[in-house]
Every structure is written in structure tokens, then in C-alpha cells.
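I opened this model to look up two things: enclosed empty space, and one pair of packed helices. My notes follow.

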Amino acid sequence: MSDVRVRGAAAAARIRVVRPGELDAGEIERWRELRALSGTPANPFMEPEFSLAVGRVRPGARVAVIGGGSAGPVGFFPYERGPLGQGRAIGFGVSDSQGPVLSAEHTLTAGELLRACSLSSWEFDNLEAGGGLFVPDAAEAFDSPVIDIGQGYEAYETVLRAGSPKFFRTTTAKERRLARQAGEVRFVFDERDPAALRTLMAWKSAQYRRTGRRDRFAKEWISALVRQLAADRPDRAPGCSGVLSVLYVADRPVAAHFGLRSRTVLSCWFPAYDTGFAKYSPGLVLHLRMAEAAAGAGIGLLDLGRGAAEYKDALKTGELRVYEGASVRRGPRAALYRLRREPSRRAHSFVRNRPKLAGYAQRALSQVGRLRDR
């Protein structure tokens, strides 16, 4: 633990850097209170439970506790620190919403916060739009598609029928055909069978390999984090707990999704399906069933996550804005950061913003995946 008093205009902003597990009950409750006051959707990645879970599997995880007067801290900044002071969003690579949690009374600048945390830079790829402290440092902005089910599933279905009528008719027809040809279709919104989670992770790993992408579950810390969050229940971790949803046919799992939920938001995370049932589009059927069950559980928003996909365009009712980039302090380490990261980021951006080129890249990745599996 370190204790720093910031110099300059933000004069008496006392900042204490701790491991997530060193936060006391009062600080965790204050974190939740600041999130509730923020007016932004209660994304589970931004709640203290997510940082606590990452802290148990990532030794470099830290939280800067800002201030601490009679009203409690005025902010929290979860991050991970590398060996040379390079910082990243906590859970970087799998966290779909990132940024500091601050009250309106804070007076810090981004540079002051990074200096207090002994960071030369802080990298993000899903910075929440409300994370204004670092938004000016963003290199790109992206839309994260969402499904608004705040008025109930029937209202959402009405919107879907009007906006994506062919998609809705085709998907529901495939579900009926699946039942006729393969057996009874059954959906479980919150499945607690560990075998179902293992099946999903195996499907997802195969999908990563098939499409030539890095298998996230090959990293032990990611697999451990998912298993840990899957064991949490909403009554024990109301801000962030795992939800495994499974579509069964004749008691055989054919599609599944593992996501994180708060009381009002379900953040979609790891969807996958049995490719042997691909002609029935079981993943799409699963998402419609998830939206219906989530609405019944009091959830008002499904965040589908950043990234282009046809199914997201068909399902969404709107978007949230997220940002990618880095805040870098001046100095020699800043130059090293730019030399190391900027060429790669710009190359990815160049391809991503040119659909034809992106299509070539995807086909090349798929070819790599096929060769890898031979």
C-alpha cells in the first residue's frame, strides 16, 4: 500500500494505492454509491466486485482510493501496473467497460492521477463515456450496441418486429424447426451446472481457433476469472455476478452464453454454440430467450459489447459510446510507449475502418485457423 498527497491545484487530494482485496467494507459501499450517483448504466465491469475478482487472479491489480474525508472517498481508479510503470485498465483484454469512478467534487487531472499511481501511461479500449478524466486522451470512439428491455420483453419484441422483421421471423421459425427435428427446446437463464460452463468454454476456444484468433481461455487468469465469477450469486455480489444461460435440445446443450449482471444491466461476454446445429441459428434463439428472461428478472439493458456483427445490428435498439486510447505522461517512457503501441493500434484502426480490407483480413484469419486445426 502507498499513500500519496498530490501537489498543485488539486492540493489536498490524498491518494492511497491498495490491492483490490485491501479495500474495506466502507470503501466498497462508497464505490457503489458513487456509481449509483453517476447516472450511467450500472455496467457490472465498473462495480467493485469485478475489480475484487480480478485482484484475486492478477497480481498487478491495484485501486487508487482518492480522498477520504468525513463523506468518504471522492473516487476510485482500478488499474493494472506493468513492471516499467505502464498501466492498463483492470482486466484489460476482457473488460468491456473501463474507467475511474469519481464524484463531481473531484479536482484531479489525468496527469496527477497517473503520477500518484506511479504510472507512465494508462491504456484503455472500452473507456466508459462518463470517464471524462481520460476521454480527451482517446484515439478512437466506438459504438457498443445495446438492447433496451426496460419496458418489458413484449415492448422490445414490438420494436424488433418493426425494425428487423425478416430477422425475427426467420429466427423464431428456426426455433420451431429445431424443436420439430431435434427434440424439446428448453432454456435456462441462470444455469449452475459446472459441466455446462466447461462446454461453453470448449466451444468458445474452438471458435477462437477456427477464426484464427487468440484463444482467451488459453490464459489461465481469464479461465480462473470466469470460473470465479460464475460461482458468485446476485444475492452475494449484487453489482457483478456471473450468469450462464443455456439453450438445450432434448437435454443436450446447443448454445450458451456467459455474461455478467448487475441489478439492471446484463453485459454480454462469451456466447458460443454447437456448430453441429448451426443451420438452426441456436445462438440467435438463445439471445432472444435471454432478453425475455432478463426482462423478467428486472434487468433493463443488455450490453452486447463493442464490435461489429450482423446479429448485433439485428438485435440492438441503440448504442452506448466507448473509447480506445491511452493517457501518457510526458517523459522518456512516454516516447517508448508510443514507439511500442501506436504503430500496431494505427494498423488495426486502418483495417477496421475499411470494410473490404477487414473482410480480407477475416478470411485470412479463418484460413490460419483451418491450417492450425489440421
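**Helix pair and cavities**

I started with the helix pair and found that α2 and α7 cross in a right-handed sense. I noted that the model is a predicted one.

I then looked up the geometry of this pair. The axes of α2 (residues 48-55) and α7 (residues 220-231) come within 9 Å and cross at roughly 135°. Angles over 145 degrees would count as roughly antiparallel, so I entered α2 and α7 as oblique to each other.

Next I listed the contact. From α2, Phe 50, Ala 53 and Val 54 take part, and they meet Leu 225, Gln 228 and Leu 229 of α7. By class, I have 5 nonpolar residues, 1 polar and no charged in this contact.

I turned to enclosed space. How many cavities of 30 Å³ or more does a search of the whole structure find? It returns 2.

For the largest cavity I wrote down a volume of about 70 Å³. Its lining includes Trp 31, Phe 45, Met 46, Pro 78, Ile 90 and Gln 98. Phe 50, which I had already listed in the contact of α2 with α7, is also one of the lining residues. I sorted the lining into 7 nonpolar and 5 polar residues, with no charged ones.

The second largest cavity has a volume of about 30 Å³. I found Trp 203, Gln 207, Arg 210, Ala 272, Tyr 273 and Thr 275 around it. Two or more of these residues come from each of α6 (194-210) and β12 (265-273), and α6 gives the most, with 3. By class I entered 3 nonpolar, 2 polar and 1 charged.

Notes: Residues numbered from 1 in each chain as written. Predicted model: local features only at pLDDT ≥ 70, side-chain atom pairs only at ≥ 80, totals over all residues. Heavy atoms only, no water. 1 Å grid on protein atoms, 1.4 Å probe; cavity = no way out; pocket = protein on both sides within 12 Å on 5 of 7 lines; lining within 4 Å. Points joined across faces, edges and corners; volume = space filled by probe spheres on them. Nonpolar A, V, L, I, M, F, W, Y, C, P; charged D, E, K, R; others polar. Helix = DSSP H or I, 4+ residues; strand = E, 2+ residues; numbered from the N terminus. Axes fitted to C-alpha atoms, helices over the stretch in contact; angles between N-to-C directions. Parallel < 35°, antiparallel > 145°, perpendicular 65-115°, else oblique. Left-handed = near helix turned anticlockwise from the far one by under 90°. Contact = heavy atoms within 4.5 Å.
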